[in-house]
Every structure is written in C-alpha cells, then in structure tokens.
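Open the model in your viewer and show side chains as sticks. The tour below goes from one selection to the next and says what is found at each stop.

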Amino acid sequence: MKKKATATQKVSKSSTEKPSLDDEVSKAFESVTVTKFRTEQLHTNWRAHLFRLSIGVVLLTMHQYSQPVRDCIVDIKSVQPDVDIDNATAMKLIFSDGLVELINLIIAILQMLFLANSTEKKTFIAKSYCATAALVPFCLGLYFNTNRTGCMIDSNGSIVTRTSDAINQLSERQFPVSILFNLIVTGCVYFMSIGMEQVDKNLAAVELLRDQLLHTNKKKSK
C-alpha cells in the first residue's frame with residue numbers, strides 16, 4: 001500500500017511540475033512565428049484590396065481628365081471657322097487647360113503600380129511611391145493657383161480670358177481624387193509597416209533568447 005501511495009505521489013508531482021524554460025521558449029517562438037505569418041497574410045490581403053481600389057481611382061481620374069479636354073475641344077471647334085488652329089496649337093491648349101487633371105491621372109497610375117508590387121519590402125522608398133510623393137504638392141499647387149479659362153481664342157490665336165460670367169458657366173474643376181487616395185494608401189501602408197516591424201522585433205528577441213539558452217545548456221553539459 002505504501003509503494004502504491006508513493007507511486008501516486010510521484011505521478012501527481014510530475015503532473016504538477018512546471019514546464020522547463022526550453023519548452024516555454026519553444027512555445028513563444030512558435031507563437032511569434034504564427035503571429036508573423038498571420039500578419040503577413042493580413043497585410044497581403046489589405047494591399048490587394050487597396051490595389052483593386054486603385055484601379056477604380058484610375059478610372060475616376062480618367063473621367064476627371066476628360067472634363068477639361070472636352071470643354072477645350074468645344075471651345076476650339078466654336079472658333080475654327082474664323083480662326084485657323086493647327087493641331088500642335090490645339091494640343092498645347094488642351095494640355096495647358098487640363099494639366100491639373102493630367103497630373104492627377106499620373107499620380108493614380110503610379111499608386112496602382114506601387115500597390116501592384118506586393119513583394120516590395122522598402123515601402124516608402126519605392127520609386128513609384130517617391131514619384132507620387134513628389135507630384136502631390138505640385139498637383140495641389142496647380143489646383144489652388146490655376147483658374148479654369150477654357151480655350152477661347154481670338155483671331156490671332158491667343159487665349160482670351162473669359163469674363164466672370166463666362167467662367168461661371170464652365171464646369172467646376174474637381175478636387176484631384178488621387179490625392180485623397182494617396183492619404184489613405186500612405187496611412188494604411190504606414191500602420192502595416194509598423195505592425196510588421198514589431199512582429200520582426202519580437203521574433204528576433206525570441207530567437208536571441210533561444211540561442212542564448214542553447215549556448216548555456218551546452219556549457220552545462222560540458
């Protein structure tokens with residue numbers, strides 16, 4: 001009976017023993033590894049969703065660009081019987097009147113290319129993102145400092161500044177939608193990068209602890 005009692009006590013003691021430090025480190029390493037995998041999956045899904053949105057933004061900016069082009073073409077056609085306008089002059093007029101919307105379209109395309117590269121590690125120094133960041137203030141400056149005058153031309157081929165009543169009849173210049181989307185993309189990618197950096201730091205810390213523990217155990221075994 002005593003032998004049975006001591007055997008039972010040994011079993012109960014072994015069952016209540018705390019896991020070793022090696023086991024705890026192994027569990028922590030597995031947990032951090034799983035967390036990193038799930039975080040990477042979440043970020044990949046978010047980036048793919050932003051990429052799908054960027055396609056819609058490109059289409060919307062193309063629609064915004066068509067507005068000044070359409071108005072300018074109408075103005076040019078309205079004076080063509082009286083004024084001979086060559087193709088090069090017409091292209092210059094269309095380009096100058098829709099410059100804001102053209103840059104808006106270029107920014108949207110660059111954002112789409114940036115989001116399409118899901119393997120990009122150095123996020124905020126990617127060429128497409130740097131080009132976007134450089135064009136955003138330029139586009140904003142043009143938007144707030146250029147007025148819509150259309151392409152009214154006199155007999156000498158010079159652009160005629162419209163009166164205030166005529167300008168009011170023009171369709172209003174819309175705010176560049178790509179700039180708003182750029183703020184969304186920057187915010188999302190920034191917080192995703194912070195999350196990944198934190199996970200990488202945790203994984204590196206656990207790996208260091210595991211290596212130190214392994215080195216200590218080797219010394220003890222000697």
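Select Phe114 to begin. In this predicted model, Phe114 has a relative accessibility of 4%, which is under the 20% limit, so the residue counts as buried. Now add Tyr129 to the selection. Tyr129 is also classed as buried, at 13% relative accessibility.

Look at the two rings together. A pair of aromatic rings is described by the distance of the centres and the angle of the planes. For Phe114 and Tyr129, the centres are 5.3 Å apart and the planes meet at 45°, a tilted pair. Phe114 sits in helix H4 and Tyr129 in helix H5 (residues 127-145), 15 residues apart, and the pair links these distant parts of the chain. In total there are four aromatic pairs.

Next, select Tyr143 and Phe175. This pair is edge-to-face, with 5.2 Å from centre to centre and 85° between the planes. Tyr143 belongs to helix H5, while Phe175 lies in the loop between helix H6 (164-169) and H7; the two are 32 residues apart. Is Phe175 buried or exposed? Phe175 falls between the two classes: its relative accessible area of 30% makes it partly exposed. Add Phe144 to the selection, and you have a cluster of Tyr143, Phe144 and Phe175 linked by ring pairs.

Stay in helix H5 and pick Leu142. Leu142 is buried, at 16% relative accessible area. Which residues does Leu142 touch, leaving aside those up to four places away in sequence? They are Leu99, Val100 and Ile103. Draw a distance between the C-alpha atoms of Leu142 and Ile103: it should read 9.5 Å, for residues 39 positions apart along the chain.

Now go to the largest nonpolar core, which has 25 residues. Select Cys72, Ile76, Phe114, Leu115 and Val185, the members that touch the most other members. At least two residues of this core come from each of helix H2 (21-79), helix H3 (87-97), helix H4 (99-116) and helix H7 (177-221). Helix H2 gives the most, with eight residues. Another core, of seven residues, lies apart from this one; Val100, Ile103, Ile107 and Cys139 are among its members.

Return to Leu115 and show its surroundings. Beyond residues up to four places away in sequence, Leu115 touches Arg47, Leu50, Phe51, Ser54, Phe181 and Val185.

For a stop on the surface, select Ile55, Leu59 and Met62. These three form a nonpolar patch with about 280 Å² of accessible area together. Leu59 is part of helix H2, and its relative accessible area of 55% is over the 50% limit, so Leu59 counts as exposed.

Finally, zoom out and colour by secondary structure. The protein chain has seven helices and zero strands, so no strand should appear under the DSSP assignment. Of its 222 residues, 32% count as buried. The chain exposes about 14,900 Å², and carbon and sulfur atoms supply 61% of that area. Among contacts in the chain with a separation of 6 or more, 81% come from residues 24 or more positions apart.

How values were computed: Residues are numbered from 1 along each chain as its sequence is written. This is a predicted model: local features need pLDDT of at least 70, side-chain atom pairs count only at pLDDT 80 or more; totals for chains, interfaces and linings use all residues. Side-chain values use heavy atoms; hydrogens and water are left out. A nonpolar core is a set of buried Ala, Val, Leu, Ile, Met, Phe, Trp, Tyr and Cys residues joined through side-chain atoms within 4.5 Å. Buried means under 20% relative accessible area, exposed over 50%, partly exposed in between (1.4 Å probe, protein chains only). Helices (H or I, at least four residues) and strands (E, at least two) are DSSP runs, numbered from the N terminus. Contact means heavy atoms within 4.5 Å. Patches are made of residues with over 30% relative accessible area and no salt bridge: like charges are joined within 9 Å, nonpolar side chains (Val, Leu, Ile, Met, Phe, Trp, Tyr) within 5 Å. Accessible areas come from the Shrake-Rupley method with a 1.4 Å probe; for residues, only the protein chains shown count as cover. A salt bridge is a side-chain nitrogen of Lys or Arg within 4 Å of a carboxyl oxygen of Asp or Glu. Rings of Phe, Tyr and Trp (its six-membered ring) pair if their centres lie within 6.5 Å; planes under 30 degrees apart count as stacked, over 60 as edge-to-face and the rest as tilted.
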